Amino acid sequence: MGTSNITCTTEFILVGLSNDHKTQILLFGIILIAYSLTLVGNLGVITLIHADSHLHTPMYFFLTHLSSLEICYVTSTVPQMLAHLLMGYGGLSLIRCALQTYAALALGSAEALLLGVMAYDRYLAICRPLTYVTAMRRWRQVQLALASWVGGFYVAAVCVSISFTHRFCGPCCINHFICEIPMVMKLACDDTQTTKAVNFLFAGMVLLVPFSVILVSYGLILFSVLRMQSDNGLRKALSTCGSHLLVVTLFYGTATLNYIIPESGRSPDIDKQIAVLYVVVTPLLNPIIYTLRNKDVHHAMAKVLRGSGFATKH
């Protein structure tokens, strides 16, 4: 019997980032450091926002949810990557592959929706300042954040449930380092046309609808900012929105390449490199981007350090 006729009923083999042992150990060290910094950075952002009452605003409320999503997302993918790099073997049961696909897709979809919500929040704050407090009251913030989480988990439930009903044929190797629907679907040995169409539709909704909201919101913000008479207000608006736009570009750019744009003619190694950006790099950069030029966060950090006595000791 040829290997192409073997049915994958129990296990997939993830090829991983490299087959060379020395490269695997090097990647293990780099990714472990990135994972640790991602956890520390995002937990630090959440702690600062909760500790300083001046940061109890809608923007920082949504930022705590973004940081929480990043922590959950990297924890659903990176520890398994590290284990496979250390062991040099990427075996993963069909159930574990489905669970990881679901967790990563749910959290990634929720983040896409939340970024759209954050852009809408910035639009209201800058373009509708007189009605902002009323429009973005506490219950509305909770509703928008909850809708992002629920929407992400619903989309993942539909896409994963229909994708893993197919039969998968050997060789049962996935040329990737995590389980993702586009890679898993390549191993399906029955008709996948309808499933791919549904997955594409949901991917388009999750990525393109929030991205359209972001484009419209920032277009209106740009128009409003250009009419501002205050240089200080102009700088603050551009600084706040600039960090969000950088995060949006990193997230949507890489996710769109793997989930929306057809991959015909693209090397599988390119897909893995793109995935490294949104699995490892973007979650690491997000807390840095949002805090690097944020004076509110700097003041909150200085206050926490003074309260702990660290600043006086040093």
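Which residues does I178 touch, not counting residues up to four places away in sequence?

1. **Contacts of I178.** This is a predicted model. In it, I178 touches L14, T77, Q80, M81, Q100 and V279, once residues up to four places away in sequence are set aside. One of these partners, L14, belongs to strand β1 (residues 11–14). Another, Q100, falls within helix α3 (residues 94–127).

2. **Setting of I178.** I178 sits in a loop. Strand β3 (173–174) comes before that loop and helix α6 (181–185) after it. The residue is buried, at a relative accessible area of 1%. That value qualifies because buried means under 20%. G90 is 88 residues away along the chain, yet the C-alpha atoms of G90 and I178 are separated by 9.2 Å.

3. **The sheet.** Three strands form an open sheet in the order β2-β1-β3. Pairing is mixed. β2 (91–93) and β3 are the edge strands; each has a single partner strand, so one side of each lacks a neighbour in the sheet.

4. **The β1–β3 pair.** Strands β1 and β3 run parallel and are joined by 2 bridges. Here I13 stands opposite C173 of β3.

5. **Helix over the sheet.** Helix α3 lies across β1, β2 and β3. Its angle to β2 is about 85°.

6. **Confidence.** The protein chain has an average pLDDT of 84, and 87% of the residues score at least 70. Among its elements, helix α5 (residues 138–163) has the highest mean pLDDT, at 96. Helix α11 (residues 310–313) has the lowest, at 52.

Technical notes:
Residues are numbered from 1 along each chain as its sequence is written. This is a predicted model: local features need pLDDT of at least 70, side-chain atom pairs count only at pLDDT 80 or more; totals for chains, interfaces and linings use all residues. Side-chain values use heavy atoms; hydrogens and water are left out. Helices (H or I, at least four residues) and strands (E, at least two) are DSSP runs, numbered from the N terminus. Buried means under 20% relative accessible area, exposed over 50%, partly exposed in between (1.4 Å probe, protein chains only). Contact means heavy atoms within 4.5 Å. pLDDT is the predictor's confidence in each residue, from 0 to 100. Two strands pair if DSSP finds at least two bridges between them. Axes are lines fitted to C-alpha atoms, for helices over the stretch in contact, and angles run from 0 to 180 degrees between N-to-C directions.
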